[in-house]
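Thanks for making time. I have one structure to go through today, and I will keep to what can be computed from its atoms.

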Amino acid sequence: MSSGEPRAGAARGVQVFAIPTGLCRRCVRSLSRRLWDVPGVVAFEVDVVGGRVRVSGDARADDVRSVIARSGCP
């Protein structure tokens, strides 16, 4: 698992999104960098084995899905 350190401020909610299982470290790093660029993301946790990412904050779901789709990994 990989997680982003929480940003200042309280998380307003948690959303869970599907990602491909078994991502390599390069893909997880790429996804993590892009998630920090999404407005409203306060923290996140990437579960490679479970194939999901939990995002805390008030980010728009469509923005997060777009980042996942553009992460460049299978």
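Of the contacts in the protein with a separation of 6 or more, 70% are between residues 24 or more positions apart. Please keep in mind throughout that this is a predicted model.

One example of such a long separation is Ala 18 and Arg 54. They are 36 residues apart along the chain, and their C-alpha atoms are separated by 9.1 Å. Ala 18 lies in strand β2, which covers residues 14–18. Setting aside neighbours within four places in sequence, Ala 18 is in contact with Gly 51, Arg 52 and Ile 68. Is Ala 18 buried or exposed? Its relative accessibility is 65%, and the cut-off for exposed is over 50%, so Ala 18 counts as exposed.

Now the overall layout. The protein has 2 helices and 4 strands, and along the sequence they follow the pattern β-β-α-β-β-α. There are 74 residues, of which 39% count as buried. The accessible surface of the protein comes to about 4,500 Å², and carbon and sulfur atoms hold 50% of that.

Next, the strand pairing, with β4 as the reference. β2 and β4 pair in the antiparallel sense, over 5 bridges. β3 and β4 also run antiparallel, and they are joined by 6 bridges. Val 55 in β4 appears in both pairings: Gln 15 stands opposite Val 55, and Val 55 is also the bridge partner of Phe 44. Further along, Val 46 has Val 53 in β4 as its bridge partner.

β3 and β4 form a hairpin with 4 residues between the strands, and Gly 51 there takes a positive phi near 70°. As for cover, β3 is mostly covered, with 6 of its 7 residues buried.

That brings us to the core. Which residues have the most contacts inside the largest nonpolar core? They are Val 46, Val 53 and Val 64, in a core of 18 residues. Four elements each supply at least two residues of this core: α1 (25–36), β3 (41–47), β4 (52–57) and α2 (61–69). α1 gives the most, with 4 residues.

Take Val 53 on its own. Not counting residues up to four places away in sequence, Val 53 touches Gln 15, Val 16, Phe 17, Ile 19, Leu 35, Phe 44, Glu 45, Val 46 and Ile 68. Two names on that list come back elsewhere in this talk: Val 46 is the bridge partner of Val 53, and Leu 35 is one of the buried residues of α1.

On α1 itself, the buried residues are Cys 27, Val 28, Ser 30, Leu 31, Ser 32 and Leu 35. The spacing within that set can be read against helix geometry. An α-helix has 3.6 residues a turn, so residues three or four places apart point the same way. The length of α1 can be checked as well. At 1.5 Å a residue, its 12 residues should span 16 Å, and the end C-alpha atoms are 17 Å apart, which agrees.

Last topic: charges. How many salt bridges does the structure hold? It holds 3.

One is between Asp 47 and Arg 52, with the closest N and O atoms 3.2 Å apart. The two partners differ in cover. Asp 47 has a relative accessible area of 15%. The cut-off for buried is under 20%, so Asp 47 is buried. Arg 52 has a relative accessible area of 37% and is partly exposed.

Another joins Asp 62 and Arg 65, again with the closest N and O atoms 3.2 Å apart. Why can these two side chains meet? Both are in helix α2, 3 residues apart, so about one helical turn separates them. Arg 65, at 47% relative accessibility, counts as partly exposed.

The remaining salt bridge is between the side chains of Arg 60 and Asp 63, at 3.8 Å from N to O. Arg 60 counts as exposed, at 53% relative accessibility, while Asp 63 counts as partly exposed at 29%.

To go back over the main points: the contacts lean on residues 24 or more positions apart, at 70% of those with a separation of 6 or more. β4 pairs antiparallel with β2 and with β3. Val 53, in β4, is among the residues with the most contacts inside the largest nonpolar core. That is what I have.

Definitions and conventions:
Residues are numbered from 1 along each chain as its sequence is written. This is a predicted model: local features need pLDDT of at least 70, side-chain atom pairs count only at pLDDT 80 or more; totals for chains, interfaces and linings use all residues. Side-chain values use heavy atoms; hydrogens and water are left out. A nonpolar core is a set of buried Ala, Val, Leu, Ile, Met, Phe, Trp, Tyr and Cys residues joined through side-chain atoms within 4.5 Å. Buried means under 20% relative accessible area, exposed over 50%, partly exposed in between (1.4 Å probe, protein chains only). Contact means heavy atoms within 4.5 Å. Two strands pair if DSSP finds at least two bridges between them. Accessible areas come from the Shrake-Rupley method with a 1.4 Å probe; for residues, only the protein chains shown count as cover. A salt bridge is a side-chain nitrogen of Lys or Arg within 4 Å of a carboxyl oxygen of Asp or Glu. The expected span of a helix is 1.5 Å times one less than its number of residues.
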